[in-house]
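Visitor: Before we look at the model, could you show me how to read a sheet, and afterwards how to place a single residue within a fold?

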Amino acid sequence: MSLPSSDFRNIRNWIRNCDRLHTNCPPTPNQYRQPHEIPSWVLDIRNGCIVPGSTASCYVALSYVWSTTESEKLTLELWTGNLRQFQKSGFLDGMKQSFLPEVISDAIDLVKQLGERYLWVDRLCIVQDGRMKRSEIENMDNIYSGAYFTIIAAASPGLYVNLDRRHRAPMGVSFFHRYLYDKLLKSKWATRGWTFQEQVLSRRSIIFVNGDVFWDCRNSLWSHESPGPRKEAGEGYDAYSQKQIDNHEMAVTVPSTAFADFRLYRELVCLYSGRDLTYSQDVLSAFMGIINELSHTFPGGFVGGLPVLFLDAALLWQSFSKGKRRVWTQGRSEDADLPKTNLPSWSWCGWHAVVDPESLHVRSLEWLRPQMRTKPIVTWSVLSEDLRLERKLPESRILEDYCRRFLDWGDWDTPPGWSRHDIRYPPPRNSTWTYCDTRSPKLEPNLFYTFTHISDPSKLFCHPIPMVNPGRKPTAHPQNWPYLHCEATTGCFKIQSILSRKSSAQVKRKEFRISSLHVPFTSLDKFHGGPKGEELCRVVSLADADGQPAGLLRIMDDDTEIRSGQEIELMAISLGSMGWDETFSSYEERIDLLKSADYPRMEHSFVRDPPSDDEDGTGSETAPLTFRPRRAAAVETDHSRAARPWGRKGEDYRFYNVLWIERRGGIAYRKAAGRVAREAWERNCGEKLSVILG
């Protein structure tokens, strides 16, 4: 099957127009890049062999997955034993049709037709049994960001699948672009772990999905419905097109920001975490290119996939739907030097689960939720696999120091490069509110100032944050050190009841329609519609030794055995606070309060085991509302602000963020996370103990 002539003309025009109009899209030529930024080998299409990457002025990269029909086929790969053969001119020409998957053969033909000479394909350009394989894999950020463009092969089995569109009715540009990305998200390619960073790190891509091909770069999305650049009055080329794809899942890129953008990190993790991997131990390697890119602006770097600067907030991640622990997969010789404990329970990378975006917030930096705070109470260290080496993580306390100085103490001696502005007057034109999900947040009456940094005056902050000095080498903490260590208070609590989805209940469906693609990534079907009913996480309500309600946990693993009356051990990792609106809308408290998980498209009912008195129809006032004093049952169904106990007084819910831990051989493993009311915790916790989290 060949590429239709109209699509071939479009692709040539897309490349030419992007080169001409988008100064920030084309990569730096190889001759101006550092040696470690260039792939070791690339495929020379003209001579039918591999050559050193340093000899190519530019190259095209391929992102693909094995077709199910070809997964068992004998395929040609680069090994130490055939490295010399691969370098012989014409070697690949005779072998290509018989021993290469159709998708690679199609990519070779496309590159040749477009007049390019060099192609990078992992199986043909990385020595599969070489000692350098892992370092090459961890260099993916440079390989894909340095490609002239990337071919994303989301069609199956080859690139040119059903590209004859003569009998299809035309669509509007906005609707058609959404249609294209929906097709991409439903492909097998979009379920695989390695392909995520390949797309995110690529500056520009030619994307093949079954029946269509389109262009996606940092500035534009072009398709046969909108085959070229268009000029909007006063906005420049393709401003309209970019508005239509802004914030869409597969349009995510890693922008060149000057500050540690935790919101971007949250988005990337939530979109990646639920993807599939053949070898579970690759979960961080397949994300390492993104981590390397983010490390340039995150002081302190990363440990276990979590940013050290925001460690206290990142440790509070929760699963959006049920998940399971990732288990080490046997079968590869190159994994022999990796620690078998590199899938820690305290990090999202240790679980095959979609991370809930609502669980990841930097409370002290959000304009919309200024009453929400997460305050560190422990000092963290990272430990080596043999527990002999320990490295402190002082950067994890820097953010709290900034928060105290500029929010609690009112220190106006701003750090170099920062400026203070009175927000009672109009903010700078075209400014955006950093760390918020909207551009016009409702400000806290007690906050009168905003801050900007010289690197990007359009970004507004509620207080200064640590910045990485330009040119400074990113902090490199050992990613394979699997343990966290701290001194923390622990306490024993009992499971009071278990709230599970009522399987026999009717699911309430809601009408929903997205009018354009200019929506937050949380509005995509994966997050906006909510999980399938059977995938909703259970919630556990806790009681102290006296039987008094204490807190709530979210249970994301069905394999976790829980029963009413069971005694469990918790450890406190930080202090937190929320107002009524945040408490009422949070997953655990809403289920405990209303026995309902409510999403914009769907509402699910939950049942408590054992049922409380009010659920038996007795009208008792003993409903286990763990986050506020018990009130009459009428309060649970009256949502008016007058009925909210702290709505009139401005009271906040104050709590400890806790982990349910299970100790094995002196190591504590996370089983669940949640909150315990501050008074309940301080009545029942013990002295500080040394805890090693694995």
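**Reading a sheet and a residue**

Guide: In this predicted model, 8 strands form an open sheet with mixed pairing, and their order across the sheet is 2-1-4-3-5-6-7-8. Strand 2 (49–52) and strand 8 (221–222) stand at the edges, where each has a single partner strand, so one side of each is left without a neighbour in the sheet.

Visitor: How do strands of a sheet pair?

Guide: Strands of a sheet pair through backbone hydrogen bonds, and they do so either parallel or antiparallel. Here strand 6 (residues 204–209) and strand 7 (residues 212–217) run antiparallel and are joined by 6 bridges; within this pair, I207 has F214 of strand 7 as its bridge partner.

Visitor: Which strands does helix 1 lie across?

Guide: Helix 1 (residues 5–21) lies across strand 6, strand 7 and strand 8, and runs at about 5° to strand 7.

Visitor: Turning to a single residue, is T560 buried or exposed?

Guide: A residue counts as buried when its relative accessible area is under 20%, and because the value for T560 is 7%, T560 is buried. Its place is in the loop between strand 25 (549–555) and strand 26 (567–578), and, leaving aside residues up to four places away in sequence, T560 touches R538, I555, W660 and K671.

Visitor: What share of the residues of the chain count as buried?

Guide: Of the 694 residues of the chain, 56% count as buried. The chain has 19 helices and 31 strands, and among its contacts with a separation of 6 or more, 77% come from residues 24 or more positions apart.

How values were computed: Residues numbered from 1 in each chain as written. Predicted model: local features only at pLDDT ≥ 70, side-chain atom pairs only at ≥ 80, totals over all residues. Heavy atoms only, no water. Helix = DSSP H or I, 4+ residues; strand = E, 2+ residues; numbered from the N terminus. Buried < 20%, exposed > 50% of the residue type's maximum accessible area, 1.4 Å probe, protein only. Contact = heavy atoms within 4.5 Å. Pairing = 2+ DSSP bridges. Axes fitted to C-alpha atoms, helices over the stretch in contact; angles between N-to-C directions.
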